[in-house]
Amino acid sequence: MRIQSFFIAALALAAVSCGSNNSNNGPAAPAATTPNVEVTQAVARDVPQESTYASTIQAYAVNNIMPQQGSRIRKINVEVGDYVQKGQVLAEMDRMQLAQLELQIQNDELEYERLKSLYKEGGVSQSDFETAELGYKVRKTNYENIKENTILRSPISGFITARNFDSGDMFSMSAPLFVVQQVVPVKLLVGISESEYTKVKKGDKVTLTVDALPGRSFAGKIERLYPTVDAATHTFKVEVNVPNTDKVLRPGMYARVTVNFGSQHNVVLPDQAVVRMEGTGQRFVYVLNTDETVSFVPVTLGRHIGSEYEITGGLAEGAQVVLKGQSTLKDGIKVNVLK
């Protein structure tokens with residue numbers, strides 16, 4: 001009986017000792033903390049539908065000035081860089097052939113008037129008069145043509161951009177004597193994405209900037225649309241005209257052309273609310289639910305306007321969207337919204 005009582009007492013002491021050890025295993029694991037977030041409301045407004053394209057300024061018209069046949073250059077009146085007016089004399093060619101034809105035309109004119117009087121009086125047959133009249137008109141046309149090619153005038157107003165011969169040279173038809181480029185207005189050929197084809201029309205306004213003139217912008221309009229789409233680039237060309245009345249835009253300048261396609265009423269969010277899914281490029285936001293949990297919502301982005309994104313799909317106006325604190329969030333997790 002004494003042995004049995006001792007054994008029971010030992011078991012009781014061991015049980016107390018085990019309980020004491022279990023109570024000293026260390027502190028209990030802390031409960032998971034609720035992430036803090038800031039939210040913003042998704043608002044909708046009219047968003048300008050604009051795109052910017054690179055292009056190069058071109059002269060509105062380019063004329064190569066040269067006579068129809070070889071001849072000696074008598075006089076050069078302009079130099080490269082000069083601005084000339086339409087009809088201004090640029091150069092004069094040798095006048096010997098013109099002077100000979102001028103004397104012949106004067107004689108032909110007198111003979112024509114004499115035959116005309118005789119024909120009216122019946123002194124010349126109709127066939128002889130008509131033959132003489134035809135010859136006179138042919139020689140006069142030939143004279144006017146040579147005169148036009150002896151005194152070279154500019155058919156447009158613009159800058160002289162090339163002069164390939166000097167006074168006294170024999171013009172050999174190897175290159176134009178002058179090149180004149182019209183710069184009032186100038187034009188640009190702009191390649192626009194085929195997805196915008198139905199949004200563009202003749203007369204639409206555009207704005208452009210050039211690297212050569214920082215801080216300035218210029219207004220223009222679409223003058224014509226090309227009727228085909230490039231199968232390789234999936235773009236179509238439009239011709240943009242810019243008045244350029246002060247002549248500061250010059251052919252060859254690099255330009256950025258902004259085309260306005262109107263506006264659309266879409267949701268707009270601060271760009272920091274939009275998260276990019278790693279490895280996929282998919283963009284999403286976290287939307288706050290009424291029970292203070294968040295939902296993972298993929299969205300379709302439109303235009304990036306300053307520090308905001310246009311949302312074209314996936315998000316309704318008025319939704320509460322997480323603005324800060326997305327890095328620790330998961331779909332369905334409960335959050336603490338900071339006021």
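Reader: Over how many bridges do strand β3 and strand β5 pair?

Author: Happy to start there, and keep in mind that this is a predicted model. Strand β3 covers residues 71-76 and strand β5 covers residues 89-93. Lys75 has its bridge partner in β5, namely Glu92. The two strands run in the antiparallel sense, and the number of bridges between them is three.

Reader: Which strands are at the edges of the open sheet of four strands?

Author: Let's walk across this sheet, whose order is β6-β5-β3-β8 with antiparallel pairing. An edge strand here pairs on one side only. That description fits residues 151-153 and residues 170-171, which are β6 and β8.

Reader: What angle does helix α3 make with β6?

Author: Good one to look for in the picture! Helix α3, residues 126-150, packs on the sheet and touches both β5 and β6. Between the direction of the helix and that of β6, the angle is about 70°.

Reader: Which strand gives the largest share of the largest nonpolar core?

Author: That core has 24 residues, and Leu188 and Ile192 have the most contacts inside it. Several strands supply at least two residues each, including β2, β9 and β13. Five residues make up the largest share, and they come from β9.

Reader: Is His234 buried, partly exposed or exposed?

Author: His234 sits in the loop between β11 and β12, and Ile192 touches this histidine. Its phi is positive, about 55°, although His234 is not a glycine. Buried would need under 20% relative accessible area and exposed over 50%. His234 has 42% relative accessibility, so it counts as partly exposed.

Methods
Residues are numbered from 1 along each chain as its sequence is written. This is a predicted model: local features need pLDDT of at least 70, side-chain atom pairs count only at pLDDT 80 or more; totals for chains, interfaces and linings use all residues. Side-chain values use heavy atoms; hydrogens and water are left out. Two strands pair if DSSP finds at least two bridges between them. Contact means heavy atoms within 4.5 Å. Axes are lines fitted to C-alpha atoms, for helices over the stretch in contact, and angles run from 0 to 180 degrees between N-to-C directions. A nonpolar core is a set of buried Ala, Val, Leu, Ile, Met, Phe, Trp, Tyr and Cys residues joined through side-chain atoms within 4.5 Å. Buried means under 20% relative accessible area, exposed over 50%, partly exposed in between (1.4 Å probe, protein chains only). Lists of a residue's contacts leave out its neighbours within four places in sequence.
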